[in-house]
Amino acid sequence: MITEKIESRFSKFKNFFRIRPKRFLGIDVGASFIRAVELSRKGQVIRLNNYAGLKLSDFDNKPFNLPEKNNLSSKEISDAIKALIKQAGIQTREVAFSIPDFGSFFTKIELPEMDKDEIPQAVKYQVRPYIPLPLDDVVLDWFIIGGQPTKTPIEVLVVAIPANLIDYYQEIAKRSDLDLKFLEPEVFSLARASIKDGKNNKVIALIDIGAWSTTCSILEKEILKTSHSFNIAGNDLTKVIARSLNIDYNKAEEMKRKYGLLPSEELKDSQNIRKLLIPLVGSILQETKKAFHNYYLEEGKEVEKIVLAGGISLMPGLKEFFSVELRKPIVIADSFLNIVSPPILADVLKRMGPYYGIALGLALKGLE
């Protein structure tokens, strides 16, 4: 039968014509949690396959840091990652890790007109005074953020990452049985997931308030122009509550997340909590204003919109406090926006967006 022969031959190729979704895993090893997001792409549709988080057991007293200062070995981190992957049922082994802000050095330099192939050597020469480590001990990457090679002077954003930190993440991936495709400073991952209107001409500030550090980054047309990190963050807010009210760390963390900067009739000390937090939040605000001012002096442009990210962005009253003080539109990062997921998860994912932005941004890049 001719028809049967045709069908039989075609059946050998039917899987070839079926587009299989590409999957990718992003993992953010933060100061307090390991967070993972698994995405898949089929055509132009990006779907959430899985997300999961695991608290690091020694978070209260030992922050994640550079390898030589870190109390968690690559084996301990990889064991935690393997447990998370198994528990969540994550399938893909293609992965990217983020490099913490405090493990990256950013600087901006200006170069004269030159051919593009001359830029790498010029970057190495010009960047020496700005990198606090010998150049032999770091890996450099750079991005043109202004001007055009061979036509005009150019602005270059240079990123330096300690080589031993790269080795550390490679070891974690190997021990976790994962196929490491790339590493990326977390500010790039977070921006990719958090800023949804970067294609217009607005200058947007991304303020990431983590557990142990805060990073204020300024982007224009999806291009990172500057990034400034400082060591005032969520952990400091929790500690001041714990010390002042003579309560343990976990109870103080619970009160911070519940009451924040807003007074509440439920708790007679809530107004005191606000008073305790305002000086530290004010310090974060002053560093942010300084970053905005420096950008204006360099570029002659004002920040027009602010995106708050990190778990502390959800603290009651913080967004309103920043809005009053900075007098600019402020939104909280909605990282899962435009990612296809079950409707039943809509509210949960909106709340989780500020926490999972880095891992999601890594997964998005892996699908490009």
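I'll talk about one helix, H3, and one strand residue, Thr 215.

First, the ground rules. This is a predicted model, where local features need pLDDT of at least 70, side-chain atom pairs count only at pLDDT 80 or more, and totals for chains, interfaces and linings use all residues. Residues are numbered from 1 along each chain as its sequence is written, and side-chain values use heavy atoms, with hydrogens and water left out. Helices (H or I, at least four residues) and strands (E, at least two) are DSSP runs, numbered from the N terminus.

Start with H3, residues 74-88. Its 15 residues should span 21 Å, at 1.5 Å a residue times one less than the residue count. The end C-alpha atoms are 21 Å apart, which agrees.

Which residues of H3 are buried? Ser 74, Ile 77, Ser 78, Ala 80, Ile 81, Leu 84 and Ile 85. Buried means under 20% relative accessible area, exposed over 50%, partly exposed in between (1.4 Å probe, protein chains only). Down the axis of H3, the buried residues fall within an arc of 160°, taken from the directions from the axis to the C-beta atoms, so they line one face. On the other side, Lys 86 and Gln 87 are exposed.

What covers that buried set? The cover includes strands E1, E2, E3 and E4, and helix H5. Just after H3, Gly 89 takes a positive phi of about 75°.

Now Thr 215, in strand E10, residues 214-220. Thr 215 counts as buried because its relative accessibility is 3%. Its side chain makes a polar contact (N or O atoms within 3.5 Å, one able to donate a hydrogen and the other to accept it; sequence neighbours count only if both atoms are side-chain atoms) with the side chain of Ser 229, at 2.8 Å. Beyond four places in sequence, Thr 215 touches (heavy atoms within 4.5 Å) residues including Asp 101, Leu 206 and His 228.
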